[in-house]
Amino acid sequence: MAAPRAIRVSCRPEFAAPEGQGLLAADPRVRTLRRVLVSYPDVRYILPDRISLEPTADPRTLETVARFLERQQWLVTSVVVE
């Protein structure tokens, strides 16, 4: 079985964890973003600085989620697929 896959995210200073809570921030825009992210079938969980996906996740799904996050420039400064 393959190891779980993850997408590591660096957030802008005002949202950065731990104070800003990163992807777990209370900001309505971040809450909406989380709802969109968990709608992807292979997303396992979201932490302040990363999104974990199922080990069987299609590489195209990882790339799609990563590209989506890169477009969220109001929140994200960098995205790395692990």
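In β4, Val81 is the bridge partner of Ile7, and this pairing is a starting point for describing how the strands are arranged in what is a predicted model. Strand β1, which covers residues 5-11, is joined to strand β4, residues 76-81, by 5 bridges, and these two strands run antiparallel. Strand β1 is also joined to strand β3, residues 50-53, by 4 bridges, again in an antiparallel sense, with Ala6 standing opposite Ser52 of β3. The two pairings of β1 are set out below.

| Strand | Partner of the strand | Bridges and direction |
|---|---|---|
| β1 (residues 5-11) | β3 (residues 50-53) | 4 bridges, antiparallel |
| β1 (residues 5-11) | β4 (residues 76-81) | 5 bridges, antiparallel |

Strand β1 also takes part in a charged contact, since a salt bridge is formed between Arg8 and Asp49, whose closest N and O atoms are 2.9 Å apart. Because Arg8 lies in strand β1 and Asp49 in the loop between β2 (43-47) and β3, the pair ties together parts that are 41 residues apart in sequence. A search of the whole structure finds 5 salt bridges.

Turning to the helices, the axes of α1 (residues 28-38) and α2 (residues 59-70) come within 12 Å and cross at roughly 165°; angles over 145 degrees count as roughly antiparallel, and α1 and α2 are therefore roughly antiparallel to each other. The crossing of these helices, α1 and α2, is right-handed. Leu33, Val36 and Leu37 of α1 make the contact with Val65, Phe68 and Leu69 of α2, and, sorted by class, this contact of α1 with α2 has 6 nonpolar residues, no polar residues and no charged residues.

Note on methods: Residues numbered from 1 in each chain as written. Predicted model: local features only at pLDDT ≥ 70, side-chain atom pairs only at ≥ 80, totals over all residues. Heavy atoms only, no water. Pairing = 2+ DSSP bridges. Axes fitted to C-alpha atoms, helices over the stretch in contact; angles between N-to-C directions. Parallel < 35°, antiparallel > 145°, perpendicular 65-115°, else oblique. Left-handed = near helix turned anticlockwise from the far one by under 90°. Contact = heavy atoms within 4.5 Å. Nonpolar A, V, L, I, M, F, W, Y, C, P; charged D, E, K, R; others polar. Salt bridge = Lys/Arg side-chain N within 4 Å of Asp/Glu carboxyl O.
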